[in-house]
Amino acid sequence: MGETIFSKIIRGELPCHKVYEDELVLAFLDINPLSRGHLLVIPKEEVATVDALSDDSAAAVGRVLPRLSRAVMKATGASAYNILQNNGAAAHQAVFHVHFHIIPKYEDAGLGLEWNPLRLESGEELASSIAELLSDKEPETLARW
Ligand code: 5GP
C-alpha cells in the first residue's frame with residue numbers, strides 16, 4: 001500500500017491534535033469533525049482496510065477503543081456516540097489507511113445514517129459458507145488468502 005497523509009501524521013511530519021499514542025496506535029482529532037470531539041483512531045501499521053490488518057494491530061486498536069470512547073464522552077459531555085469504520089471507496093473511505101472514527105452524537109450533530117434494511121434470505125447457506133472459511137484454517141492463512 002502507498003503512503004497516505006496518516007503516515008506523515010504518524011511520523012510527526014504533519015501536525016495533528018494528538019490525544020493518545022502507544023507503540024501500535026495513534027488517536028487524534030478529525031480535521032473536519034462531524035461533531036465536537038470527533039476522533040480518529042489508527043493503527044501505525046500501514047494497511048488500507050481492516051481485513052488486511054495484523055492481529056497485533058487489531059488487538060491494540062480494540063484494546064484502546066473503549067478507553068478513548070470514555071474519554072471523549074467525558075470531555076464533551078455527549079452521552080451517545082457512533083464508531084464508524086469505512087473500507088473501500090465504495091464504502092466512503094477517503095483515506096486509505098485503516099481508521100476508526102469515534103463520533104459523539106448530539107441532538108443537532110453527529111453521524112447521520114441512511115439505513116435501508118433488506119430481508120435476510122438464504123441465511124443458513126451464507127452463514128455456513130462464512131463459517132466454513134473461518135474454520136479449518138489457521139488465522140494467518142485466512143488473513144492472507
Ligand atoms: P474516511 O472517509 O476515509 O473514513 O475518513 C477520513 C477522515 O480523515 C475524514 O473524516 C477526514 O476529515 C479526516 N482527515 C483527512 N485528512 C486529515 C488530516 O490531515 N488530519 C486529520 N486530523 N484528519 C484528516
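A polar side-chain atom of histidine 101 lies 2.8 Å from an oxygen atom of the ligand, and a polar side-chain atom of histidine 99 lies 2.7 Å from an oxygen atom of the ligand. These distances come from a predicted model, and they belong to a setting in which the ligand sits in the largest pocket. The protein buries 82% of the 520 Å² that the ligand exposes when taken alone.

**Contacts with the ligand**

- Besides the two histidine side chains, the backbone takes part as well, since a backbone N or O atom of isoleucine 31 is placed 3.2 Å from a nitrogen atom of the ligand.
- There are 16 residues around the ligand, and those that come nearest are Asp30, His92, Ala94, His99 and His101.

**The shell around the ligand**

- By class, the shell around the ligand is made up of nine nonpolar residues, six polar residues and one charged residue.
- Two elements, α1 (5-11) and β2 (25-29), give two or more residues each to the shell around the ligand.
- Of the elements, α1 gives the most to this shell, its contribution being three residues.

**The largest pocket**

- The largest pocket, in which the ligand sits, holds about 500 Å³ of space.
- Its lining consists of 22 residues, and Phe6, Asp30, Ile31, Asn32 and Leu40 are the ones that lie nearest the centre of the pocket.
- Asp30 therefore appears in both lists, being among the residues that come nearest the ligand and among those nearest the centre of the largest pocket.- Sorted by class, the lining of the largest pocket has 14 nonpolar residues, seven polar residues and one charged residue.
- Both α1 and β2 supply at least two residues of this lining, and the largest share, three residues, comes from α1.

**The protein chain as a whole**

- The protein chain has four helices and five strands, and, read from the N terminus on, its elements follow the order α-β-β-β-α-β-β-α-α.
- Along its principal axes, the C-alpha trace of the protein chain spans about 45 × 35 × 25 Å.

Technical notes: Residues numbered from 1 in each chain as written. Predicted model: local features only at pLDDT ≥ 70, side-chain atom pairs only at ≥ 80, totals over all residues. Heavy atoms only, no water. Near = heavy atom within 4 Å. Polar contact = N/O pair within 3.5 Å; in protein donor to acceptor, adjacent residues only side chain to side chain. Areas by Shrake-Rupley, 256 points an atom, 1.4 Å probe, with all protein chains shown as cover. 1 Å grid on protein atoms, 1.4 Å probe; cavity = no way out; pocket = protein on both sides within 12 Å on 5 of 7 lines; lining within 4 Å. Sits in = over half its atoms within 2 Å of the grid points. Nonpolar A, V, L, I, M, F, W, Y, C, P; charged D, E, K, R; others polar. Points joined across faces, edges and corners; volume = space filled by probe spheres on them.
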